[in-house]
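Colleague: I should like to learn how helix packing and residue burial are read from a model. Could we work through some cases together?

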Amino acid sequence: MRYRTLGKTNLKVSEIGFGGWQISGDWGNIHDDSTQVVEAAIDAGINLFDSAYVYGDGESERALGKALKPHRDNVIITSKIPPKNFRWDVKAHHKVSDFYDKKWIIEATERSLKNFGVEYIDVQMLHTWNDIFVEQDEWYTAVEQLKQDGKIRHLGVSIKSWEFDQGIAGMANGMLEVIQVLYNIFEQRPAEKLFPAALEHNVGLITRVPFDEGLLTGNYLPGHIFADNDWRKNWLTEERLQEAAPRIEELKKLLDQDTPNLSDLAIKFCLADPAVSCTIAGARRIEHVQRNAAVAAQPALSQSTIDALANQAWPHNWHYDGDND
């Protein structure tokens, strides 16, 4: 495993992180015991474990907390506070206090600490963001208090899946220490403005969804049937699988002896940009987490492959869930 510095936090994080949503029960049946999957990740050198309260209504945090308890001093835990109104699309005309206020941020953090069974969270994030948060900053007093009390170490935000310029103002004023953003071969727009801003302001950048919810592994082709308790059943529809299939075939042409699988290609693409500190790869099976971690030992992508992948961008916007006013 290789490690990178997470911006101004100075935390040394594994290039490949562990995504905790997949062990929450929202992705269908758990194939391997979640504690054993986490142990496999630690054995492979992964030290960043990401979760959020809304992942299985706290189930992900509880499962990770149980598995990480013997390793707490050697791992980095990140989680996310949902907006108190559970509305994810923050608009410029909204009141930030309807989404986050001091009381809610402190209560939600205390709840996550209890779920994890830990005394502090390394990076606590707001699970949605708009740069109006910089101007309407009353909520930030909660962050200062939590840091002073030793309950969180650093503040981050999770950028919405369709607004990649949000967060730049928060980085510029020094408020944000970590940004988490959707980024993969198909969705390359964050690299246009957000990534350069992160480098300029020394903000740690964690990318999520490197496999586009499994699509970029090549395992989900037309005709695939998802389990009833897998949220992707209504997301990766047959129509969408048909639409993506020829693009997946094009990507297979870029595989070689150094990058033999599509999942390898997907991870290495995310790590090719110097702004990225870590990419979060979810896994429900021991073999999957071992395969993901093994990519760190492979040669980096050649510049010719990176250039070819730039032409494979396909911003299909399936993650966009509509406006709320």
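Modeller: The discussion below takes up helix packing first and individual residues afterwards. Please keep in mind that this is a predicted model.

Colleague: How is the packing of two helices described in general?

Modeller: Two quantities serve for a packed pair: the angle between the axes and the distance between them. Take helix α1, residues 34-43, and helix α10, residues 286-294: their axes are 9 Å apart and the angle is about 20 degrees.

Colleague: Are α1 and α10 then roughly parallel or roughly antiparallel to each other?

Modeller: Angles under 35 degrees count as roughly parallel, and α1 and α10 are therefore roughly parallel to each other. The crossing of α1 and α10 is right-handed.

Colleague: Which residues of α1 and α10 meet?

Modeller: From α1 come Q36, V37, A40 and A41, and from α10 come I286, V289 and Q290. Sorted by class, the contact of α1 with α10 has 5 nonpolar residues, 2 polar ones and no charged ones.

Colleague: Is there a general reason for the spacing of residues on one face of a helix?

Modeller: An α-helix has 3.6 residues a turn, so residues three or four places apart point the same way. In α1, the residues that meet α10 include Q36 and A40, while those that contact α2 include T35 and V38.

Colleague: What are the angle and the axis distance for α1 and α2?

Modeller: The angle between α1 and α2 is about 60 degrees, and their axes lie 9 Å apart. That angle makes α1 oblique to α2. The crossing of α1 and α2 is right-handed. S34, T35, V38, E39 and I42 of α1 make the contact with A63, L64, K66, A67 and L68 of α2. By class, the contact of α1 with α2 has 6 nonpolar, 2 polar and 2 charged residues.

Colleague: How many of the residues of α2 are buried?

Modeller: Helix α2, residues 59-68, is mostly covered, with 7 of its 10 residues buried. These are S60, E61, A63, L64, G65, A67 and L68. The buried residues of α2 pack against β3 (16-19), α1, β4 (48-50), β5 (76-81) and α3 (102-116).

Colleague: At what angle do α2 and α3 pack?

Modeller: The angle between α2 and α3 is about 45 degrees, with their axes 7 Å apart. That makes α2 oblique to α3. E61, R62, L64 and G65 of α2 contact S112, N115 and F116 of α3. The residues of this contact of α2 with α3 divide into 2 nonpolar, 3 polar and 2 charged.

Colleague: Let us turn to single residues. Is D43 buried or exposed?

Modeller: The cut-off for exposed is over 50% relative accessible area. D43 is in helix α1, and its relative accessible area of 66% makes D43 exposed. Its C-alpha atom is separated by 13 Å from that of G17, a residue 26 places away along the chain.

Colleague: Where does T217 lie, and does T217 count as buried or exposed?

Modeller: T217 lies in the loop between β9 (204-208) and α8 (238-252). Buried means under 20% relative accessible area, and T217, at 14%, counts as buried.

Colleague: Which backbone atoms does the side chain of T217 reach?

Modeller: A polar atom of the T217 side chain lies 2.6 Å from the backbone oxygen of G214. The T217 side chain also reaches the backbone nitrogen of N219, at 3.2 Å. Leaving aside residues up to four places away in sequence, T217 touches F211, L262 and S263.

How values were computed
Residues numbered from 1 in each chain as written. Predicted model: local features only at pLDDT ≥ 70, side-chain atom pairs only at ≥ 80, totals over all residues. Heavy atoms only, no water. Helix = DSSP H or I, 4+ residues; strand = E, 2+ residues; numbered from the N terminus. Buried < 20%, exposed > 50% of the residue type's maximum accessible area, 1.4 Å probe, protein only. Polar contact = N/O pair within 3.5 Å; in protein donor to acceptor, adjacent residues only side chain to side chain. Contact = heavy atoms within 4.5 Å. Axes fitted to C-alpha atoms, helices over the stretch in contact; angles between N-to-C directions. Parallel < 35°, antiparallel > 145°, perpendicular 65-115°, else oblique. Left-handed = near helix turned anticlockwise from the far one by under 90°. Nonpolar A, V, L, I, M, F, W, Y, C, P; charged D, E, K, R; others polar.
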